[in-house]
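Colleague: Could you take me closely through one part of this model, the place where two of the chains meet? I'd love one connected walk through it.

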Amino acid sequence: MQFQEIITKLGKAAKNNSLNRDRNLNPEITGVAAIDEAISGTLSYVEGGKFTAHIATTEAGALILPTNETLQSQATSRNIAWIATPQPRLLFAKAISLYYKPFKPTPAIHPSAVIDPNTRIGQDVYIGANVVIQAGVIIGDRVTIHPNVVIYPDVTIGEDTILHANCTIHERTQIGSGCTIHSGAAIGSEGFGFVPTAVGWYKMEQSGYTVLEDGVEVGCNSAVDRPAVGETRIGSNTKIDNLVQIGHGCKIGRNCAMASQVGLAGGVIIGNGVMLGGQVGVANQVTIGDRVIATGQTGITGNVPAGEMVSGMPHIPTKIYRRLFVMYKKLPEIYQEYKKLQQKESNQ
Amino acid sequence: MQFQEIITKLGKAAKNNSLNRDRNLNPEITGVAAIDEAISGTLSYVEGGKFTAHIATTEAGALILPTNETLQSQATSRNIAWIATPQPRLLFAKAISLYYKPFKPTPAIHPSAVIDPNTRIGQDVYIGANVVIQAGVIIGDRVTIHPNVVIYPDVTIGEDTILHANCTIHERTQIGSGCTIHSGAAIGSEGFGFVPTAVGWYKMEQSGYTVLEDGVEVGCNSAVDRPAVGETRIGSNTKIDNLVQIGHGCKIGRNCAMASQVGLAGGVIIGNGVMLGGQVGVANQVTIGDRVIATGQTGITGNVPAGEMVSGMPHIPTKIYRRLFVMYKKLPEIYQEYKKLQQKESNQ
Amino acid sequence: MQFQEIITKLGKAAKNNSLNRDRNLNPEITGVAAIDEAISGTLSYVEGGKFTAHIATTEAGALILPTNETLQSQATSRNIAWIATPQPRLLFAKAISLYYKPFKPTPAIHPSAVIDPNTRIGQDVYIGANVVIQAGVIIGDRVTIHPNVVIYPDVTIGEDTILHANCTIHERTQIGSGCTIHSGAAIGSEGFGFVPTAVGWYKMEQSGYTVLEDGVEVGCNSAVDRPAVGETRIGSNTKIDNLVQIGHGCKIGRNCAMASQVGLAGGVIIGNGVMLGGQVGVANQVTIGDRVIATGQTGITGNVPAGEMVSGMPHIPTKIYRRLFVMYKKLPEIYQEYKKLQQKESNQ
């Protein structure tokens with residue numbers, strides 16, 4: 001489609017654009033690309049930082065730029081059409097959707113699916129080959145269940161939710177609407193509940209259940225356990241990446257993001273808008289306030305107040321963490337000085 | 001059921017209880033709950049620590065308490081029935097089982113299961129939809145195999161073992177009786193055996209096999225590899241959480257517990273009663289003695305003697321680890337002092 | 001088979017052996033074993049280090065040894081046949097293959113497999129029970145697809161590649177020839193692309209795809225995501241262990257090895273011959289040069305030049321890391337000295 005049409009389809013967010021200045025620069029745009037891989041005729045974007053250097057050399061036919069006149073002039077001078085916006089990445093995300101529709105199978109129930117008669121299946125649902133749905137399950141309208149998914153008894157799944165291949169939803173789990181569960185994830189599985197006794201571990205039955213509120217995503221091969229009693233809950237629109245562990249009885253707020261390989265032990269309470277970097281671990285029963293950010297590999301061993309940014313193991317405020325690490329690298333000189341000092345004292 | 005009946009069913013462990021003092025306080029108990037979520041008519045428990053504060057406000061109808069007269073009096077004064085025991089969590093685990101029976105499908109073999117004729121299947125076995133069982137497999141009595149499990153050739157599975165959906169058991173694996181393999185776990189898969197050569201990696205075939213002794217649990221999406229030669233072995237009643245990696249040729253003792261995302265490299269030897277916290281890593285060929293405890297995210301890079309508690313990366317005894325961290329946080333003041341010192345010296 | 005025959009089959013690499021000296025020591029070798037588990041009649045190997053001590057006691061009938069005359073004489077004196085080579089582990093790997101052929105099902109398509117008519121399947125392919133192959137998929141000759149694998153649309157899979165049970169290959173993925181994808185892995189799944197907005201996360205559609213070049217292995221339950229635009233690429237003969245996360249848009253070179261539970265965030269660029277230890281994490285957009293080595297649990301937060309060995313979180317050169325840790329353990333004495341100093345000053 002022509003650049004003009006992209007502008008029109010992106011609407012208000014694209015109102016500041018090069019067409020307003022140069023009606024003739026209206027290239028045919030055939031697709032979207034990353035700035036360092038863009039070929040002729042593609043639309044790309046620059047958010048800032050080191051990527052701005054690519055404007056000087058990119059083959060892209062059009063760019064989404066930050067609201068920065070220098071960058072815009074640079075693009076213009078290279079005959080690259082552009083749109084300027086305070087949120088280039090967001091607008092680029094919207095532009096992708098002009099060219100790409102994700103694979104979505106046509107509603108149908110594959111004859112090889114094994115569905116208990118005691119279930120309730122909504123309208124326009126897709127149930128792929130070899131899916132197994134057990135008694136008491138309720139599936140909302142327009143749900144997509146990819147092949148080889150297994151759903152244990154008494155699960156409810158809200159409208160428009162997508163379950164990718166080979167994932168497993170355990171008994172009594174409640175999944176909201178508009179959720180996506182990626183391949184291989186296990187939701188509502190038994191919490192790790194063993195009580196030590198003189199003769200070994202006593203298994204505590206996990207009678208609770210797991211709730212994912214609306215708009216939650218859970219990544220590939222992640223696990224969200226259910227607790228012994230009560231519920232594990234993930235708040236609406238929280239996004240969880242691949243290979244993440246959510247322990248039994250965790251209560252997670254809304255709009256959080258957890259990067260890959262994060263691990264939460266049992267009973268962790270997390271507020272809204274919290275962001276945990278890759279491989280962050282959180283100890284048992286810890287409470288984390290709203291909008292906390294933890295950088296990658298942080299080990300959160302105790303409560304974190306709202307709004308704090310933490311790093312390190314055990315976690316400390318990121319500012320202090322960085323200062324301490326600068327000091328840490330000076331240890332050899334500190335040690336040398338201390339040895340001198342000691343020498344002097346022993347000479348006195 | 002009435003409190004009286006719970007007491008009776010829990011038997012000797014519940015002999016110290018409020019009914020002995022007040023025959024009239026015999027509430028109807030409708031279920032079990034966590035102390036901070038207990039509603040009217042539920043049974044809950046308090047082990048100690050911060051949770052004791054809930055006794056003053058809980059809606060619970062009955063509590064399992066530690067053998068602590070103050071807490072007991074507090075419960076009595078609020079008209080809450082109670083049982084006192086040195087192990088409240090253990091007794092609560094038993095109480096859960098009075099109210100909750102885990103989902104267990106009725107023995108049957110689903111017609112969609114694909115079972116090689118050259119297999120031996122025990123009595124009262126459940127084999128779910130789309131399960132695939134290959135040649136030479138032996139399945140003990142009362143085994144439960146949930147849907148979409150794949151069993152490679154020559155596997156043996158002991159009595160009463162449960163395989164959850166979508167897990168994969170690789171060739172020659174021996175699983176004992178009373179084991180549970182959770183959804184998506186891969187048992188007996190190929191060890192990561194590649195020998196570096198001038199022209200790249202040479203694949204070492206993994207001719208060994210994996211043994212899980214009786215009562216082992218392996219969590220969702222965990223992986224237990226088999227070795228090039230010999231066996232990987234997990235001792236009886238060892239419990240492994242989700243997303244754990246057990247490398248090829250590891251030998252793990254009895255009654256261990258490994259929290260989520262623990263990773264053992266190849267050839268690790270672990271004694272009995274060892275507890276590894278979440279995200280702990282253990283390097284190649286390391287030996288860990290009986291009853292060792294490693295706190296979360298510890299990186300065990302060398303042997304650990306029996307009975308030790310370790311932390312940090314690389315691991316050191318936890319006591320030293322804690323002291324060093326206190327010192328670490330003082331680095332800025334130490335550094336300041338050292339700079340003053342340097343200044344003075346250069347002035348002399 | 002007799003030792004003589006092993007020598008012959010191993011060819012040139014085995015030319016330095018004890019038969020050249022003692023024609024009579026030609027034992028029957030019934031299998032292969034680790035040196036610390038070798039029983040009578042087995043072939044084992046010693047690479048060096050602590051394992052050489054086993055030569056004095058092993059029951060093995062034959063050994064593969066390093067080119068070390070002392071060890072060879074020791075074996076001879078115990079009547080153990082031997083082969084000497086500069087690469088004992090490599091030769092042992094080859095010896096395993098004399099005794100062990102990995103399980104490989106006979107080419108056939110199981111009637112329960114669900115295969116879209118719009119696919120192209122090569123010669124001598126095995127497609128196991130309950131496999132699902134969707135439209136537009138192209139499968140090369142001699143590919144093995146174990147049971148319960150799901151392949152989304154428009155995937156291509158090269159000759160001789162093996163897909164183990166319960167793994168999932170997502171839309172548009174290109175897998176080369178001679179690759180192995182282990183059980184439960186998810187390849188080409190959606191990258192974790194969410195743009196923060198005032199009203200929550202905006203999902204960036206992941207229109208890109210994932211490429212695995214020839215000879216790549218991906219371990220059990222690992223995940224290799226596809227990007228929003230462009231490709232995620234893993235270079236030829238790179239080996240990836242279990243539970244590894246490869247984020248969207250990563251570009252990984254040839255002949256790398258990544259141990260279990262490594263996590264790469266988005267857009268990471270890695271050269272050739274790089275080795276990442278277990279649980280290593282790499283931050284967004286980082287570039288890692290050729291032949292870099294990172295020890296277990298390293299947190300790579302910025303670019304690493306070619307040839308460097310790094311450790312720690314944040315990563316630093318391993319040599320410095322080790323020296324700093326030695327200093328770190330001296331912190332209590334340094335602190336004591338600093339307190340003394342402070343005391344003195346306040347007394348002046």
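Modeller: Happy to! The contact, meaning heavy atoms within 4.5 Å, takes 63 residues from chain B and 73 residues from chain A. This is a predicted model, where local features need pLDDT of at least 70 and side-chain atom pairs count only at pLDDT 80 or more, while totals for chains, interfaces and linings use all residues. Residues are numbered from 1 along each chain as its sequence is written, chains are lettered from A in the order in which they are written, and side-chain values use heavy atoms, with hydrogens and water left out.

The size of an interface is often given as the accessible area lost when the parts come together. Here chain B and chain A bury about 5300 Å² between them, and 61% of that is on carbon and sulfur atoms. Buried area is the accessible area (1.4 Å probe) that two parts lose on being put together, summed over both.

Next, the polar side of the contact. Between chain B and chain A there are 2 salt bridges, each a side-chain nitrogen of Lys or Arg within 4 Å of a carboxyl oxygen of Asp or Glu. One of them joins Lys203(A) to Glu217(B), with the closest N and O atoms 2.7 Å apart. Across this interface, 29 residue pairs are in polar contact, both residues at pLDDT 80 or more. A polar contact is a pair of N or O atoms within 3.5 Å; within protein, one must be able to donate a hydrogen and the other to accept it, and residues adjacent in sequence count only if both atoms are side-chain atoms.

Which elements build chain B's side of the contact? Those giving two or more residues are helix H3 (88-99), strand S25 (239-240), strand S28 (257-258), helix H4 (318-329) and helix H5 (331-347) of chain B. Helices (H or I, at least four residues) and strands (E, at least two) are DSSP runs, numbered from the N terminus. The largest share, 8 residues, comes from H5(B).

By class, the side of chain B that touches chain A has 32 nonpolar, 22 polar and 9 charged residues. Ala, Val, Leu, Ile, Met, Phe, Trp, Tyr, Cys and Pro count as nonpolar, Asp, Glu, Lys and Arg as charged, and the others, Gly among them, as polar.
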